[in-house]
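Student: Got a minute to go through this one with me? I'd like to start with the strands and then look at a helix.

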Amino acid sequence: MGQAFRKLFDRFFGPVEMRIYVVDSLDRERIGKAKEEFQAIIRDPFMLNSIILVFANKQDLLHNLKNNYFFLVQRGVMTPMEISEGLGLYNLRNRTWHVQGTCALSGDGLYEGLDWLVTALKELQVSGRH
C-alpha cells in the first residue's frame with residue numbers, strides 16, 4: 001500500500017520526499033520517545049529535503065464534554081502547538097512542516113492535512129527544489 005501511494009506521488013510530483021508522522025495527542029508520557037524516533041527519521045541523509053506532515057491524533061478528546069470527561073483529559077491532550085514543541089519542529093531549519101490536529105475515528109482534519117501536503121508538494125515542484 002505505501003509503495004503504491006509513493007508511486008502515485010512520484011507520478012504527479014516527481015521524486016519528492018515527504019513523510020507523514022502520526023502522534024497520539026493524549027500520550028504526554030511518550031512524547032519524548034516520539035521525538036527521538038522522529039528526529040532519527042528526519043536526520044537520515046535521504047530525508048534532509050523531505051516535507052513533513054504530522055497528524056496530531058485524538059484532538060476530539062480535547063473537546064469531549066461527556067460526563068465531565070473534559071476535565072480528566074484536558075491536562076493530557078496536547079495541542080498541535082505542544083506537539084510541535086515536543087517533537088522539536090521549531091528547531092528545524094530550511095524544512096517545510098505542518099502539524100494538523102486530527103481525529104482518526106471521524107476523519108476530522110485528515111483531508112485538511114493532506115490538502116496542505118499536496119499544496120506544499122506543488123510549491124516544491126514549481127520552485128524546482130526537488
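Student: How many bridges join strand S1 to S2, and do they run parallel or antiparallel?
Tutor: Keep in mind that this is a predicted model. Seven bridges join S1 (residues 18-24) to S2, and the two strands run parallel. As one pairing there, Met-18 stands opposite Ile-51 in S2.

Student: OK, and what do S1, helix H2 and S2 make?
Tutor: Together with H2 (residues 31-43), the two strands make a right-handed β-α-β unit.

Student: Which strand do five bridges join to S2?
Tutor: That's S3 (residues 97-101), and this pair runs parallel too. Phe-55 of the S2 stretch stands opposite Gln-100 in S3.

Student: Is S2 mostly covered or exposed?
Tutor: Mostly covered: seven of its seven residues are buried. Both faces are covered, with Ile-51, Leu-53, Phe-55 and Asn-57 on one side and Ile-52, Val-54 and Ala-56 on the other. In a regular strand, side chains alternate between the two faces of the sheet.

Student: Switching to H5, which of its residues are buried?
Tutor: Gly-113, Leu-117, Ala-120, Leu-121 and Leu-124. Looking down the axis of H5, they fall within an arc of 100°, so they line one face of the helix.

Student: Why would residues three or four places apart point the same way?
Tutor: An α-helix has 3.6 residues a turn, so that spacing brings them round to the same direction.

Student: And what's on the face of H5 turned away from the buried side?
Tutor: The exposed residues Tyr-111, Asp-115, Glu-123 and Val-126.

Student: What happens just after H5?
Tutor: Gly-128 takes a positive phi of about 75° there.

Methods
Residues numbered from 1 in each chain as written. Predicted model: local features only at pLDDT ≥ 70, side-chain atom pairs only at ≥ 80, totals over all residues. Heavy atoms only, no water. Buried < 20%, exposed > 50% of the residue type's maximum accessible area, 1.4 Å probe, protein only. Helix = DSSP H or I, 4+ residues; strand = E, 2+ residues; numbered from the N terminus. Arc of directions from axis to C-beta. Pairing = 2+ DSSP bridges. Right-handed = clockwise from strand over helix to strand, strands pointing away.
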